[in-house]
Amino acid sequence: MKNSKTYQLALAALFAALSYVVFTFLQIKIPVGGDMTSIHLGNAVVVLAAFIIGGPLGGIAGAIGMSIGDFFDPVYAPLVPKTLFCKFFIGVITGLVAHHFGKITKNNDTKHVLHWAIFAAIAGLVFNVFADPIIGYYYKILVLGKPAAELSLTINFVSSFINAVASVIVSVVVYMALRPALKKAGYFEQLNW
């Protein structure tokens, strides 16, 4: 890989597109009064991106992809700023725990990598389980002026928790399956974290 920065940006674009597709086309919408929430695996793509291209870049990729999905859906369009913030920090937190503390790309012990990948995914997604519904609640009341925000708060906690559990499982399984191929291709030697 002669230009790893270009390669990283290409992967970020790929993960942005993948998060958009997964969020937009593989979701189950749940009506809540005059509002909507959904069960989806978009967050799994953000976590996987943080594992492979690092936290900040993975967070940016997921935030862009899922925000584009929100933007083109009239129900979610007003929530684009919240999505940008929450998904970016899923990536940052996951990447920080996985790469800075767990050093998952430098360690050859599969058990160590698996434990830190699970822990990192949980850390990033626990942030989202609380941040997404709470920020969404205040955003809906203060910015959008929706008095029915209380109705969706509890449902959003539940759907965020379901999304988190599914995303931890999917992202860790996919990463552990891809890791040997990435390692064999020499991808990890190109990284600077």
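Start with helices α2 and α4, whose crossing is right-handed. By class, this contact has six nonpolar, five polar and one charged residues. The model on screen is predicted, and the tour moves through its helix pairs before ending at a cavity.

**Stop 1: α2 against α4**

Select residues 42-53 for α2, then add α4; the two axes come within 8 Å and cross at roughly 40 degrees. That angle makes α2 oblique to α4. To see the contact itself, show side chains on both helices. On the α2 side, pick N43, V46, V47, A50 and F51. Their partners in α4 are K87, I90, G91, T94, G95, A98 and H99.

**Stop 2: α1 against α2**

Keep α2 displayed and select residues 4-25, which form α1. What angle do the axes of α1 and α2 make where they cross? They cross at roughly 165 degrees, and the axes come within 8 Å. The two helices are therefore roughly antiparallel to each other. The handedness of this crossing is right-handed.

Which residues of α1 meet α2? Select Q8, L11, A12, F15, L18, S19, V22 and F23 in α1. They meet G42, V45, L48, A49, I52 and I53 in α2. Colouring this contact by class gives 11 nonpolar residues, three polar and no charged.

**Stop 3: α2 against α3**

Hide α1 and select α3, residues 55-71. The axes of α2 and α3 lie 7 Å apart, and the helices pack at an angle of about 155 degrees. An angle over 145 counts as roughly antiparallel, so α2 is roughly antiparallel to α3. The crossing of α2 and α3 is right-handed.

For the contact, select G42, N43, V46, A49, A50 and I53 on α2. On α3, select G55, L57, G58, G59, G62 and M66. Sorted by class, the contact of α2 with α3 splits into six nonpolar and six polar residues, with no charged ones.

**Stop 4: the largest cavity**

Now turn on a cavity display. How many cavities of 30 Å³ or more does the structure hold? There are two, and the largest has a volume of about 270 Å³.

Select T37, H40, Y76, K82 and D132, which lie nearest the centre of the largest cavity. They belong to a lining of 23 residues. By class, that lining contains seven nonpolar, 11 polar and five charged residues.

Next, colour the elements that contribute to the wall. Each of the following supplies at least two residues of the lining:

- β2, residues 35-39
- α3, residues 55-71
- α4, residues 80-101
- α5, residues 110-143
- α6, residues 149-184

Which element gives the largest share of this lining? Select α5, which provides six residues. Finally, bring back α2 with α3 and α4: α2 packs against α3 with axes 7 Å apart, its axis comes within 8 Å of that of α4, and both α3 and α4 supply residues to the lining of the largest cavity.

Key. Residues numbered from 1 in each chain as written. Predicted model: local features only at pLDDT ≥ 70, side-chain atom pairs only at ≥ 80, totals over all residues. Heavy atoms only, no water. 1 Å grid on protein atoms, 1.4 Å probe; cavity = no way out; pocket = protein on both sides within 12 Å on 5 of 7 lines; lining within 4 Å. Points joined across faces, edges and corners; volume = space filled by probe spheres on them. Helix = DSSP H or I, 4+ residues; strand = E, 2+ residues; numbered from the N terminus. Nonpolar A, V, L, I, M, F, W, Y, C, P; charged D, E, K, R; others polar. Axes fitted to C-alpha atoms, helices over the stretch in contact; angles between N-to-C directions. Parallel < 35°, antiparallel > 145°, perpendicular 65-115°, else oblique. Left-handed = near helix turned anticlockwise from the far one by under 90°. Contact = heavy atoms within 4.5 Å.
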